[in-house]
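Grab a pencil and open your viewer. Here are a few short exercises, each with a worked solution.

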Amino acid sequence: MSISAYSGLETLKGRGIILRNILHTLWCRILLMQPAASSVLTHVGSNLRRARREAGLSQAALAERSGISRRTIVNAEAGEANISLTGVDQLAGALGTTFTALVTAPSAVKSAINEVAWRGNDPASVAVIHAAAPSRLETQLWTWTLGVGERYDAQPDPPGWHEMLLVTEGSLDLICETPGPVRLTAGEHVVFSSAQAYSYANASAVEHVKFVRVVVN
């Protein structure tokens, strides 16, 4: 191999290393720029741990009082558990506090909570609690979106709890024993007792459904 050919090969090799380093740097920057997965129930861990300690309860004692497993409580306090909204309600009841006290930032005001509390399998499916007001316990204002084919199944709330739903876009199926299965389209609403198993479903294969949810307890 001639000196000039060898020199050209070394030049190409050097450029290849430089290009590889540039691509590696760009890839690392892209990874750093990726948004973190949307947080859900971000504050439950620290709020639950603080409320439990203030109540003087061990994790085992709270598990026994709430009906939520100790493992779930341990994971929830560590920010690792995918705990249901009903589970948060049960923990709040066992601790003598409210759902919003467990899901909101300590500095948040009840008139402007704006916390993501649930996400479904479809990226568009999301539930946001916006505000709460006093009632026997509290009244909560939510907005929900269900992506195509998405469904949310809820466990019964304690006696005396009710929900009011107002569909703003698409078609929502409310599935429960009373008032029975109901399909609501935009502009329609329903009030029902949530002290029963119930589900929200979007049967559409082409459009999302959006609705306002008010929880009264």
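**Exercise 1.** Are Arg52 and Glu77 buried or exposed? Work out what links the two as well.

*Solution.* Keep in mind that you're looking at a predicted model.
- Step 1: take the cut-off, where buried means under 20% relative accessible area. By that rule Arg52 is buried, and Glu77 is too.
- Step 2: check the charged atoms. Arg52 makes a salt bridge with Glu77, and their closest N and O atoms sit 2.6 Å apart.
- Step 3: place the partners. Arg52 belongs to helix H2 and Glu77 to helix H4, so this pair ties together parts 25 residues apart in sequence.

**Exercise 2.** Which residues of helix H2 are buried, and what covers them?

*Solution.*
- Step 1: walk along H2, residues 44–54. The buried ones are Val44, Gly45, Asn47, Leu48, Ala51 and Arg52.
- Step 2: think about the spacing. An α-helix has 3.6 residues a turn, so residues three or four places apart point the same way. Now go back to the list with that in mind: it includes Val44, Leu48 and Arg52, and also Asn47 and Ala51.
- Step 3: look for the cover. It includes helices H3 (59–66), H4 (70–77), H5 (85–95) and H6 (99–103).
- Step 4: step just past the end of H2, and you'll meet Gly56 with a positive phi of about 70°.

**Exercise 3.** How many salt bridges does a search of the whole structure find? Then take apart two that involve strands.

*Solution.*
- Step 1: the search turns up five salt bridges.
- Step 2: start with Arg213 and Glu163, whose closest N and O atoms are 2.7 Å apart. Arg213 is in strand S10 (residues 209–216) and Glu163 in strand S5 (residues 162–169), so the pair ties together parts 50 residues apart in sequence. Arg213 is buried at 6% relative accessible area, and Glu163 is buried at 0%.
- Step 3: now try Asp173 and Arg183, with a closest N–O distance of 2.6 Å in their salt bridge. Asp173 lies in strand S6 (residues 171–176) and Arg183 in strand S7 (residues 182–185), ten residues apart. Asp173 counts as buried at 13%, whereas Arg183 is exposed at 53%.

**Exercise 4.** Zoom out and describe the chain as a whole.

*Solution.*
- Step 1: count the elements, and you get six helices and ten strands.
- Step 2: of the 217 residues, 39% are buried.
- Step 3: take the contacts between residues at least 6 apart in sequence; 61% of these join residues at least 24 apart.
- Step 4: finish with the surface. The chain exposes about 12300 Å², with 57% of that coming from carbon and sulfur atoms.

Terms used: Residues numbered from 1 in each chain as written. Predicted model: local features only at pLDDT ≥ 70, side-chain atom pairs only at ≥ 80, totals over all residues. Heavy atoms only, no water. Helix = DSSP H or I, 4+ residues; strand = E, 2+ residues; numbered from the N terminus. Buried < 20%, exposed > 50% of the residue type's maximum accessible area, 1.4 Å probe, protein only. Contact = heavy atoms within 4.5 Å. Areas by Shrake-Rupley, 256 points an atom, 1.4 Å probe, with all protein chains shown as cover. Salt bridge = Lys/Arg side-chain N within 4 Å of Asp/Glu carboxyl O.
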